[in-house]
Amino acid sequence: MQPYDRALPLGDPGESVRIGALVPLTRPGWVQAGRHLLAGLRSAVRDVNDGGGIAGRPLELVVRDTAADPRRAEAAVDELARLGVTALAGEYHSVVARAAATRADALGLPFLCSSAVLDALTDQPTDWVARLSPPQSRGWQVYADFLLRAGRDRIAVAAEPSVYWASGARVLRDYVTPRGGGVIELDARALAPAALCDELVGRRATALLLLAGLPDPAVSIVRSVRRDPRLTELMVGAPAGQPEFAEWATLLGDDGAAIPFLRYLPERLGPLGARVEAALREQLPEAPSFVAFEGYDTVTLLAEVLRSHGTDRSRIAAAWPRVAAEGTRGQIRFSRVPGIDVWQWAGAPIQVVDRDPAEPDRLRVLHTG
């Protein structure tokens, strides 16, 4: 990828307003999520420039591939700061976004995080960082409520070692236990799929949540569970959203259906969302995911800040609580949410959806929160 990623031929880069974009575009990053995020960012840049740019100056993305590596993200933040970008945008992986946010805070560089949900995006309150996606504590509580309403109160989690997965398991446990349920933690790396199935049977689990990466071990676990006659009544879930992307359906086929996951879209898209969805379908080889809409909304909000408050970094950071913009998924406003140390869009929509077993390319909304 070229250092400067231009949605349009914009002329001398010195005349443009530059935004640094952090995106996972190579393994071990979730490449498909990164491509959707970048498609949304690019689509919004085109629309901003078609509308006159920022006070007549074109908007430009300076893209860096994080590859799901926190140290690589930190180095990219340092480089982008030296290149003079006005702000940072993007990132999908929570642990990587946390590293980027911490570094951006230290450098005094505004960062609007598009997709990462980890509650502790920074170690201390900061005015430099804002976030569009709902915090994990809110989204995963919605998911836990869905499980309990479905009568699934003995919840096993097959987890890999990770701050993100551990945080998700803690959210589930803290929500489910006071309501009479229980969370059974299983090591997705130490247990072979067959042994994991034995544990599920022995512990009488009613749901299994995949807190593990794609393709492995998530794919092998799903296949083993689906083929075990003892587990035909077990609900398999993936709150982190692995089934959202076409790669999931390609790898698992019919086995990948009826696995509920979290998605951050409203029940119906408004006129802007519908127009953006049509544009994204022309850019992507499959239906746009919620991550693509998060990318679009990120640039839309940043453009509003730049138009109304200018390109000075301090003024951008000071504008988070004062700015509002109509995004593809509703009006975006930032506020201070208890327990969250960054500026947060508190109204981000949350759904629990799955792939319809009768038509795996179609997503069904099972629960909203």
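**Helix packing and a three-stranded sheet**

In this predicted model, the axes of helix α2 (residues 70-83) and helix α3 (residues 94-107) come within 8 Å and cross at roughly 35°. The crossing of α2 past α3 is right-handed. On the α2 side, the contact is formed by Pro70, Ala73, Glu74, Val77, Asp78 and Ala81. Helix α3 contributes Val95, Val96, Ala99, Ala100, Arg103, Ala104 and Leu107. Nonpolar residues account for ten members of this α2-α3 contact, and charged residues for three. No polar residues take part in the contact. Glu74 and Asp78 of α2 are charged, as is Arg103 of α3.

A second element of the fold is a sheet. Three strands make up this open sheet, in the order β10-β14-β15, and their pairing is antiparallel. Strands β10 (261-263) and β15 (359-368) lie at the edges, each pairing on one side only. From one strand to the next, the twist averages 45°.

The pairing of β10 with β14 can be described in detail. Strand β14 spans residues 351-356 and runs antiparallel to β10, to which three bridges join it. Within this pair, phenylalanine 261 stands opposite valine 353 of β14.

The sheet also carries a helix. Helix α4 (residues 136-149) packs on the sheet and touches β10, β14 and β15. The direction of α4 makes about 95° with that of β15.

How values were computed
Residues are numbered from 1 along each chain as its sequence is written. This is a predicted model: local features need pLDDT of at least 70, side-chain atom pairs count only at pLDDT 80 or more; totals for chains, interfaces and linings use all residues. Side-chain values use heavy atoms; hydrogens and water are left out. Two strands pair if DSSP finds at least two bridges between them. Helices (H or I, at least four residues) and strands (E, at least two) are DSSP runs, numbered from the N terminus. Axes are lines fitted to C-alpha atoms, for helices over the stretch in contact, and angles run from 0 to 180 degrees between N-to-C directions. Contact means heavy atoms within 4.5 Å. A crossing is left-handed if the near helix is turned anticlockwise from the far one by less than a right angle, and right-handed if clockwise.
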